[in-house]
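I open this notebook to record what I looked up, entry by entry. The structure comes first, and my notes follow it.

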Amino acid sequence: MSFFGKLKSAIQKLRGGPDVGISALEDILIEADFGVDLAEKLAAELPTNSDVGVYLTSKLSSILEPLVLDFKTVIDAIKANPMIIFMVGVNGCGKTTTIAKLTHLLKSHGRSVDIAACDTFRVAAVDQLSCWAEKLGCRMFKTESARDPSSLVFDAMKATRSDVLMVDTAGRLPNNSNLMGELSKMYRVASKIDSTAPHMNIIIIDATIGQNAVEHVRAFHDIHPITGLILTKMDGHAKGGTIIRIAHELHVNILGVGTGESVQDFEMFSIDTFLRGLME
């Protein structure tokens with residue numbers, strides 16, 4: 001049954017008494033990965049005899065609206081040259097493809113871009129990024145061995161002559177203390193060269209992974225403040241509540257959505273489209 005179908009079921013249960021309906025609504029929201037706290041809050045504030053779908057659309061819009069920013073607008077507001085952008089996330093989230101998409105977008109708006117392939121632990125990641133850099137006409141900083149990625153960040157920041165340096169990082173789970181420690185070191189090295197760097201710290205989130213996404217954002221944010229997130233593999237029907245929970249609990253800006261595999265498949269997050277998908 002769809003999320004909206006379950007909401008209709010909750011409405012039917014409201015006829016058995018408000019406590020029954022509120023409990024049913026809480027269960028539906030928790031199942032959709034809204035989290036216990038937000039589910040309880042939304043259910044408790046449901047007005048008597050209200051249309052649940054209309055109520056939720058209004059409440060969820062109010063949570064998301066202040067946090068949805070256009071990536072191009074954010075970039076235009078940053079005056080640093082070069083602009084250092086760190087890209088973080090776990091393995092399989094779509095980080096490499098997203099780097100290519102953002103590079104294409106930046107270049108289409110007149111920005112020159114270099115890429116630092118600092119996922120030095122995985123040769124395939126470097127090879128994939130090299131292919132994208134060649135297609136996009138970007139200078140690529142990489143190493144032929146499993147070199148200290150912080151050293152590569154240092155060299156790339158010193159050598160780049162472009163407007164923007166995109167820094168790839170190793171995909172990692174937040175519970176891998178060694179890799180998270182290495183990431184922390186990369187931030188320290190970057191700040192030694194430019195005390196304001198990185199100017200953006202973007203996390204890529206696979207929107208289908210459920211509540212794990214919330215913990216991923218929280219863990220990376222603890223290492224270095226996250227500027228914003230980009231969503232891949234959007235699936236409003238299954239795991240849409242995860243995005244609401246991230247917005248509600250962590251107040252991280254949503255910078256865009258990856259919608260496919262080509263470099264053009266990137267767009268601003270649409271609250272209306274997202275909520276329509278969630279409610280269908």
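**Entry 1: the core.** I began with the largest nonpolar core, which has 90 residues, and I noted that F71, M166 and I202 are the members that touch the most others in it. I was working on a predicted model, and I kept that in mind throughout. Which residues does I202 contact, once its neighbours within four places in sequence are left aside? I found F71, I85, F86, M87, V88, L102, G228, I230 and L255 on its list, and F71 is itself one of the three core members named above.

**Entry 2: the chain as a whole.** I then stepped back to the full chain, where I counted 13 helices and eight strands. Of its 280 residues, 51% count as buried. I also looked up how contacts are spread along the sequence: among those with a separation of 6 or more, 76% are between residues 24 or more positions apart.

**Entry 3: I230.** From the contact list of I202 I picked out I230, which I located in strand β6, residues 228-232. Is I230 buried or exposed? Its relative accessibility is 0%, so I230 counts as buried. Not counting residues up to four places away in sequence, I230 touches T98, L102, I202, I203, I204, I205, L255, G256, G258 and F266. I also checked the pair I230 and M268, which are 38 residues apart along the chain and whose C-alpha atoms are separated by 9.4 Å.

**Entry 4: helix α6.** Two of the residues touched by I230, T98 and L102, are listed among the buried residues of α6, and this led me to the helix. The helix covers residues 95-108; with its 14 residues it reaches 20 Å from its first C-alpha to its last, close to the 20 Å expected at 1.5 Å a residue. I noted that α6 is mostly covered, since 11 of its 14 residues are buried under the cut-off of 20% relative accessible area. The buried ones are K95, T96, T97, T98, I99, A100, K101, L102, T103, L105 and L106. After the helix comes G110, with a positive phi near 85°.

**Entry 5: K101.** One name on that list held my attention, for K101, a residue of α6, is buried and yet has no salt bridge. How far away is the nearest side chain of opposite charge? It belongs to D265, at 5.4 Å, whereas a salt bridge requires the nitrogen and oxygen to lie within 4 Å, so this pair does not count as one. What I did find is that the side chain of K101 reaches the backbone oxygen of G260 at 2.5 Å. Leaving aside neighbours within four places in sequence, K101 is in contact with G258, T259, G260, S262, V263, D265 and F266.

**Entry 6: salt bridges.** I next turned to charged pairs, and the structure holds 10 salt bridges. One of them joins E215 and R245, with the closest N and O atoms 3.8 Å apart. E215 lies in helix α10 and R245 in helix α12 (residues 241-250), so this pair ties together parts that are 30 residues apart in sequence. E215 counts as partly exposed because its relative accessibility is 39%, while R245, at 10%, counts as buried.

A salt bridge also forms between E249 and R218, the closest N and O atoms being 2.9 Å apart. This pair again links distant parts of the chain, with E249 in α12 and R218 in α10, 31 residues apart. I noted E249 as partly exposed at a relative accessible area of 28%, and R218 as partly exposed at 29%.

Within α12, E249 and R245 meet through their side chains in a salt bridge of 2.7 Å, N to O; these two residues are four apart, about one turn of the helix. Salt bridges that share partners thus join E215, R218, R245 and E249 into one network.

**Entry 7: helix α9.** My last entry concerns α9, residues 177-193, which has 17 residues and reaches 25 Å from its first C-alpha to its last, close to the 24 Å expected at 1.5 Å a residue. Its buried residues are L179, M180, E182, L183, M186, Y187, V189 and A190. I asked which elements the buried residues of α9 pack against, and I found β1 (83-88), β2 (113-118), α8 (149-159), β4 (164-169), β5 (200-206) and α10 (212-223).

Notes. Residues numbered from 1 in each chain as written. Predicted model: local features only at pLDDT ≥ 70, side-chain atom pairs only at ≥ 80, totals over all residues. Heavy atoms only, no water. Expected span 1.5 Å × (residues − 1). Buried < 20%, exposed > 50% of the residue type's maximum accessible area, 1.4 Å probe, protein only. Contact = heavy atoms within 4.5 Å. Core = buried A, V, L, I, M, F, W, Y, C linked by side-chain atoms within 4.5 Å. Lys, Arg positive; Asp, Glu negative; His and termini not counted. Polar contact = N/O pair within 3.5 Å; in protein donor to acceptor, adjacent residues only side chain to side chain.
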